[in-house]
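Here is a short set of exercises to work through with the structure open beside you. Try each task before you read its solution.

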Amino acid sequence: MSIKDVATTPFDDQKPGTAGLRKPVSRFQTPHYLENFVQAVFDSVPSLKGGRLVVGGDGRYFNDQAADTILRMAAANGVEQVIIGCQALLSTPAAAHLIAQESAAGGFLLTASHNPGGPDGDFGIKFNIAGGGQAPAELTDRIHTRSREIRQYHISDQTCPGFAEIGESRLEDMMIRVVDPVAEHVNLMARCFDFDAIRDWLHNKPRRFVFDAMHAVTGPYAREIFVHQLGLSEDVVRNGQPKPDFNGSHPDPNPHDAHAFLEAFQALPEGEIGAASDGDGDRNMILGRQNGRALVVSPCDSLAVIAANHHCIPALADGLKGVARSMPTSRALDRVAQELGIPCHETPTGWRFFASLLDGGYIRLCGEESFGTSSDHVREKDGLWAVLAWLQILASRDMTVAELLDEHWSRFGRDYFARHDFNLSIEQGQAVMERLSTLVEAGEYRDCPVDRFDYTDPVSGHRVEAQGYRLFTDNGRAVFRLSGTGTRGATLRIYLEQHMPAQEDCRQDMVTVLEPMRALASEAAQLEALTGKPRADQVI
Ligand code: G6P
Ligand code: ZN
């Protein structure tokens, strides 16, 4: 035995954000920084002692080094068995699935999602609980409290046997099982969908499908599914080789960060379907084409379309029971839920709120404006699941993406939606929030009701407050909140939404339709005066 108790002092910046602890790589390289946080988790989750632990990440810079440290700390903290993806790779949904399937006490997911990677980029670590879901607020609060009082951590100073090859080894008394990161997740997908139907449709139609893995973790998963299982050609998967710095890109599947893919897609023949996923494989973007132009499906519409067509997906065909969306996500889903006669829950931003509803059996489908969609098959959002859901629906309905959207809007009307992001200093972000809270006290701005979004989890009874501010007009809404995932300054997000009933023209220019709402939101929040910025830095 070579287990050491190492003396340490607390760091005051280890409060997990929307999805775990994310910081510049350099911060994680500070001596004891990673170890302190990991020990705070071991101290806060007693079931890890004598239990199983899943470890894996998106392959970004520092992934292997962090995995090595976690393994040596797990051995010193009495973990019975670690299950780790080969080369310490696991997409976020694959990790969540493994935690559930292996009845693990939890898992460390090494990712900063779509934040850039590399030595000058970001790293992240998040702890998911038994069942695979993200740690609930009570637990992240406990971990944070522990991180502020920690005085020592435990670590083995034996050389870690490594995780480069599939197989089993031991470290101290702990067993290490290195598993194929792809296989179990792909098996799960094959149980959720009818691969034969998708394969036949893709092969029988003169249409092609392209998937961009953005040099991130989904490359090997996508190759297995699309090339090996669905029989498509190798070039269907673009940028399929995971790289520690994502090839210098910002691996976020949205029209802004994935513009290179959009341009490449634009050059392809009519009728094709495009899709992309993010750094750790939990986000997705769906593309179609109309009149020669690439058409980006709003994640809010994507969720509503999947809900309206859930009967096409074998695993959901027996009904949805309930659905959920995060508060800033447009209300397109609510209209479908109403027609289906099922409840639609509105949760704060962050997947962990869905996990609770999924565990409680309240919902079977959920999603967010931030390009995340998933079902009750796993307790994280799942990029490839969403892409397969679209392919399954398109195959079953024998339609193009544009046709399916048009049909949806002709039934439910269209909720035009855009997110305006402002890069601000922490003080500016705070000033805008304070201004909005004065509007909440007044109850309105120019006769438009303004409120603050608070939420009580119906399963746990846990309450969270001030999850954003909302301004309502007759058929529209503006939502304001500060991002919880950034690692520098403050990012203000303003989500604009305008409903057009089905009788109206649902193919209008989004920017034009949303302009009155944008102007109103900007005035209400006194944006220019408080931030010096008349316009957003980025519109998604
Ligand atoms: C992560 C979470 C999502 C959430 C998103 C919001 O991706 O997994 O559930 O929607 O962060 O990010 P933000 O930067 O808006 O807090
Ligand atoms: Zn992600």
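**Exercise 1.** Which helices and strands do the buried residues of H4 pack against?

*Solution.* Keep in mind that this is a predicted model.

Step 1: Find helix H4 at residues 92-101, where eight of the 10 residues are buried.

Step 2: Pick out those buried positions: Thr-92, Pro-93, Ala-94, Ala-95, Ala-96, His-97, Leu-98 and Ile-99.

Step 3: Look at what they pack against. On the strand side you should find E3, E4, E5 (106-110) and E6 (122-129), and among helices H6 (183-192) and H13 (383-397).

Step 4: Follow the chain just past H4, and you will meet Ser-103 with a positive phi of about 50 degrees.

**Exercise 2.** Work out how strand E4 is placed, and which strands pair with E4.

*Solution.* Step 1: Start with burial. Seven of the nine residues of E4 (residues 81-89) are buried, so this strand is largely enclosed by the rest of the structure.

Step 2: Take one partner, E3 (residues 52-57). Five bridges join E3 to E4, and the two strands run parallel. To check the register, place Gly-57 opposite Leu-89 of E4.

Step 3: Turn to another partner, E9 (residues 174-179), which pairs with E4 in the parallel sense, again through five bridges. Here Ile-83 has Arg-177 of E9 as its bridge partner.

Step 4: Trace the connection between E3 and E4. Together with helix H3 (residues 63-76), these two strands make a β-α-β unit, and the unit is right-handed.

**Exercise 3.** Decide how the buried residues of helix H5 are arranged around its axis.

*Solution.* Step 1: List the buried residues of H5 (residues 137-147): Thr-140, Ile-143 and Ser-147.

Step 2: Look down the helix axis. The buried residues of H5 fall within an arc of 60 degrees, so they line one face of the helix.

Step 3: Recall the geometry behind such a pattern. An α-helix has 3.6 residues a turn, so residues three or four places apart point the same way.

Step 4: Ask what lies over this face. Helix H2 (33-44) is included in what covers the buried residues of H5.

**Exercise 4.** In the open sheet of five strands, find which strands stand at the edges.

*Solution.* Step 1: Write down the strand order, E11-E10-E12-E13-E14, and note that the pairing is mixed.

Step 2: Go to the ends of that order. E11 (237-238) and E14 (293-296) each have a single partner strand, so one side of each is left without a neighbour in the sheet.

Step 3: Inspect the E11 end. Two bridges link E10 (residues 209-212) to E11 in a parallel arrangement, and Phe-211 has Val-237 of E11 as its bridge partner.

**Exercise 5.** Find the strands that pair with E24, and say in which sense they run.

*Solution.* Step 1: Begin with E21 (residues 448-452), which pairs with E24 (residues 469-472) in the antiparallel sense over three bridges. Arg-452 is matched with Tyr-469 of E24.

Step 2: Move on to E25 (residues 476-482), whose pairing with E24 is antiparallel and has four bridges. Arg-470 stands opposite Val-479 in E25.

Step 3: Look at the link: three residues lie between E24 and E25, and these strands form a hairpin.

**Exercise 6.** Describe the residues that surround ligand 1.

*Solution.* Step 1: Collect the shell of 14 residues, of which Ala-19, Ser-370, Ser-483, Gly-484 and Thr-485 are the closest.

Step 2: Sort the shell by class, and you get two nonpolar, 10 polar and two charged residues.

Notes
Residues are numbered from 1 along each chain as its sequence is written. Chains are lettered from A and ligands numbered from 1 in the order in which they are written. This is a predicted model: local features need pLDDT of at least 70, side-chain atom pairs count only at pLDDT 80 or more; totals for chains, interfaces and linings use all residues. A residue is near a molecule or strand if its C-beta atom, placed from the backbone, lies within 6 Å of it. Ala, Val, Leu, Ile, Met, Phe, Trp, Tyr, Cys and Pro count as nonpolar, Asp, Glu, Lys and Arg as charged, and the others, Gly among them, as polar. A residue is buried if 20 or more other C-beta atoms lie within 10 Å of its own, exposed if 12 or fewer, and partly exposed in between; C-beta atoms are placed from the backbone. The arc is that of the directions from the helix axis to the C-beta atoms. Two residues are in contact if their C-beta atoms, placed from the backbone, lie within 7 Å. Two strands pair if DSSP finds at least two bridges between them. A crossover is right-handed if, with the strands pointing away from the viewer, the path from the first strand over the helix to the second runs clockwise.
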